[in-house]
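Trainee: I would like a close look at a single part of this model, namely its cysteines and the interior around them. Please take me through it step by step.

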Amino acid sequence: MSDFQTFELHDLDEREVVAFPLADLPAHVESFGFILGVQRRTFRDQDPANIEAAELVGRLHDALADAGHEGHDLERFLVRMVFCMFADDTGIFEPRDIFLDFIETRTSGDGADLGPWLAQLFEVLDTPEDGRAATLDEDLARFPYVNGDLFEGHLRTFSFDTALRGALLDACRFDWSNISSAIFGALFQSVMDPAERRAQGAHYTTEKNILKVIEPLFMDDLRTEFERVRKRRGRGRLAALRQFQAKLGTLTFFDPACGCGNFLIIAYRELRILEIEVIRDIRDATAATGQAVLVAAWQSVVDVDQFYGIELGEFPARIARLPCG
């Protein structure tokens, strides 16, 4: 509605009203995109839980830095802590909360022995179960072997006091089970020094903005192709579904300035979500033919090895590797 001096745009789908004077029309011109056939899209915004977790880790980093811990060892230590907290709540460590329980019950309240205990835990996590000493502490022996190089190499032993131990426990008590992989980008932002971030040109891109890029870039086309395939009828439908899934496993993604890997991680997640839909259709189509449904026939083919990135900074590079295990 307009009297040529003021405008009111009523969006019946979103239940929103935009009102503005004629002078402000240029600032609201995108609201009239529907006249040209442009469809409005809603993207998921950053989960508040992700932001809260990043703030907890950021405070832990600042407390350790204020205590004199810095540089290479601090960066590696913090990444290890994030993994342990995430693993504690997502089933990588079993039973749940064994890391939190270990810190609460096996370390003293003043934090004096926390550093040595963590140093020993890192060695345990880097050692396969069949290579551990028979006399290893029972609580440490409960932790699984973590492959890769996350816990490889010795770090200088960190010293803790009551306040530092409390900061670590605050982060451990947070529920990490609902945290998106995008948390690692937020964590990167929260622990980098602002001056260093400006100097390096580092920039944290939210999940919402990443989706605005990857969906029109390739996910929309893949979903459109999948819809065409799943609408097919006849004997060729199952073969077409399997062919489309195989295609997903051949795609390669590269970010030449990946930072903490947000684009790559979320692209992997969205591709796996799509593949899960394909797998379900393959399962149903296989059952409809009367054939035995074998897991080997429709297991996942999408793999993290399809995703590549380049990053010069050590800390963001380690963060980018973290979700890959």
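Mentor: Start with the disulfides: in this predicted model, the count comes to zero. C84 is in no disulfide, and the nearest cysteine sulfur, that of C172, is 8.3 Å away. A disulfide needs two cysteine sulfur atoms within 2.5 Å, so a separation of 8.3 Å does not qualify. C84 is also buried, with a relative accessible area of 0%. C258 is likewise in no disulfide; the sulfur of C260, the nearest from another cysteine, is 8.0 Å away. C258 has a relative accessible area of 11%, and it counts as buried because the limit is under 20%.

Now turn to the surroundings of C84. One residue in contact with C84 is F93. Leaving aside residues up to four places away in sequence, F93 also touches F83, A87, D88, I98, F99, L125, F143, P144 and V146.

F93 belongs to the largest nonpolar core, which has 49 residues. Within this core, F77, F93, F99, L118 and F160 touch the most other members. Helices α1 (48-66), α2 (71-90), α3 (98-106), α4 (114-125), α6 (162-173) and α13 each supply at least two of the core residues. The largest share, 10 residues, comes from α2. Apart from this core lies another, of 25 residues, including L222, F226, A267 and A285. As a general rule, nonpolar side chains in soluble globular proteins tend to be buried together.

Helix α13, one of the contributors to the largest core, spans residues 314-321 and is mostly covered, with six of its eight residues buried. Those buried residues are F315, P316, A317, R318, I319 and A320.

For contrast, look at the surface. F254, Y308 and I310 form a nonpolar patch there, with about 330 Å² of accessible area together. Y308 lies in strand β4, residues 307-309. Y308 has a relative accessible area of 46%, so it is partly exposed, as exposed would require over 50%.

Last, the whole chain. The protein chain has 13 helices and four strands. Of its 325 residues, 41% count as buried. The chain exposes about 18,000 Å², and carbon and sulfur atoms supply 52% of that area. Among contacts with a separation of 6 or more, 71% are between residues 24 or more positions apart.

How values were computed. Residues numbered from 1 in each chain as written. Predicted model: local features only at pLDDT ≥ 70, side-chain atom pairs only at ≥ 80, totals over all residues. Heavy atoms only, no water. Buried < 20%, exposed > 50% of the residue type's maximum accessible area, 1.4 Å probe, protein only. Core = buried A, V, L, I, M, F, W, Y, C linked by side-chain atoms within 4.5 Å. Contact = heavy atoms within 4.5 Å. Areas by Shrake-Rupley, 256 points an atom, 1.4 Å probe, with all protein chains shown as cover. Patch = residues over 30% accessible without salt bridge, like charges linked within 9 Å, V, L, I, M, F, W, Y side chains within 5 Å. Salt bridge = Lys/Arg side-chain N within 4 Å of Asp/Glu carboxyl O.
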